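User: Hi! I would like to go through this model with you, one question at a time. Could you take a look?

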Amino acid sequence: MIETKDLKKIYGDHVVLNGINETIQKGEKVVVVGPSGSGKSTFLRCLNLLEMPTSGEVWFEGNNITDPKCDINKLRQKMGMVFQQFNLFPHLSVKENITLAPIKLLGMKKEEADKKAIELLTRIGLQDKADAYPNQLSGGQKQRIAIIRALAMNPDVMLFDEPTSALDPEMVGEVLELMKELADAGMTMVVVTHEMGFAREVATRVMFIDEGQVKEQNTPEEFFRNPQNPRLKDFLSKVL
Ligand code: ATP
Ligand code: MG
């Protein structure tokens with residue numbers, strides 16, 4: 001579904017991604033871990049071209065999206081993204097936040113988009129918040145709404161960049177629970193997170209990025225039980 005070929009991102013003389021060759025198959029749940037500044041966010045943002053790679057290619061569903069001739073906007077609609085900071089529009093109601101992109105980008109009728117928004121809100125038990133504004137919500141509620149807002153576009157893959165890092169501890173569980181449900185429903189997911197419990201439980205593959213390279217990856221069982229790379233051993237000794 002997603003393939004990177006010798007992906008590099010360089011800022012000035014700082015090599016942030018140093019040649020990443022990875023394939024993410026439909027239905028996989030890839031959890032990306034690594035030290036701060038190792039390039040995890042940059043990697044994720046290159047997958048949907050929020051960052052333009054310096055060199056190399058990104059392929060999505062058979063299209064080379066790094067090719068300037070490619071209609072990235074159309075393809076990007078198929079890739080949902082959730083950030084650490086929820087990025088809801090503060091001046092729009094919850095329902096308007098959810099329906100904006102389906103109406104604007106997919107040309108969905110307002111009634112249909114509203115119906116879908118209410119369905120999604122009902123799924124997470126927040127149907128009574130449809131007309132609320134983001135500042136009236138808890139962090140966990142905001143992040144769950146950011147997730148269903150992405151789902152309203154019917155994406156083929158969901159990219160998460162530390163979706164629980166900005167949350168108060170008591171809100172983390174509800175967001176991880178929703179992500180788990182998505183995973184169980186078959187969604188293809190790439191998740192940067194420090195939640196090792198989530199990685200163990202949900203990942204089909206855990207990837208260790210260090211100094212802009214994938215230094216090791218494995219099933220969660222092997223990744224945590226039997227790490228090989230010394231930097232990964234050191235990293236795990238600090239986070240586990
Ligand atoms: P964290 O765990 O702290 O989120 P990360 O692994 O996500 O870290 P990135 O955000 O991908 O790391 O950043 C990797 C490196 O690239 C960092 O050294 C960062 O300072 C640098 N970097 C990121 N964006 C830019 C930019 N727009 N201009 C210059 N340098 C950048
Ligand atoms: Mg980051």
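User: Which element gives the most to the shell around ligand 1?

Analyst: Happy to help, and please keep in mind that this is a predicted model. Two elements give two or more residues to the shell around ligand 1, namely β2 (14-24) and α1 (40-47). With three residues, the one that gives the most is α1.

User: How do the residues of that shell around ligand 1 divide into nonpolar, polar and charged?

Analyst: Let's start with who is there: the residues surrounding ligand 1 include Tyr11, His14, Val16, Pro35, Lys40 and Glu162. Ser36, Gly37, Ser38, Gly39, Ser41 and Thr42 are also among them, and Gly counts as polar here. The shell therefore divides into three nonpolar, seven polar and two charged residues.

User: What distance separates an oxygen atom of ligand 1 from a polar backbone atom of Gly39?

Analyst: It helps to see this alongside the other polar contacts. A polar side-chain atom of Tyr11 sits 3.4 Å from a nitrogen atom of ligand 1, and a polar backbone atom of Ser38 is 3.2 Å from an oxygen atom of the ligand. For the polar backbone atom of Gly39, the distance to an oxygen atom of ligand 1 is 3.0 Å.

User: What percentage of the area that ligand 1 exposes when taken alone does the protein bury?

Analyst: The starting point is ligand 1 by itself, which exposes 630 Å². Of that area, the share buried by the protein is 60%.

User: Which element gives the most to the lining of the largest pocket?

Analyst: That pocket holds about 630 Å³ of space and is lined by 24 residues, with Met79, Met81, Ala101, Leu105 and Arg149 nearest its centre. The lining divides into 15 nonpolar, six polar and three charged residues. At least two lining residues come from each of α2 (72-76), β6 (79-82), α3 (94-106) and α5 (139-151). The most, seven residues, come from α3.

User: How many residues apart are Glu22 and Arg205, whose side chains meet in a salt bridge?

Analyst: The structure holds 14 salt bridges, and one of them joins Glu22 and Arg205 at 3.1 Å, N to O. Glu22 belongs to strand β2 and Arg205 to strand β9 (residues 205-210), so the pair links distant parts of the chain. Their separation is 183 residues.

Methods
Residues numbered from 1 in each chain as written. Chains lettered and ligands numbered in written order. Predicted model: local features only at pLDDT ≥ 70, side-chain atom pairs only at ≥ 80, totals over all residues. Heavy atoms only, no water. Near = heavy atom within 4 Å. Polar contact = N/O pair within 3.5 Å; in protein donor to acceptor, adjacent residues only side chain to side chain. Areas by Shrake-Rupley, 256 points an atom, 1.4 Å probe, with all protein chains shown as cover. Helix = DSSP H or I, 4+ residues; strand = E, 2+ residues; numbered from the N terminus. 1 Å grid on protein atoms, 1.4 Å probe; cavity = no way out; pocket = protein on both sides within 12 Å on 5 of 7 lines; lining within 4 Å. Points joined across faces, edges and corners; volume = space filled by probe spheres on them. Salt bridge = Lys/Arg side-chain N within 4 Å of Asp/Glu carboxyl O.
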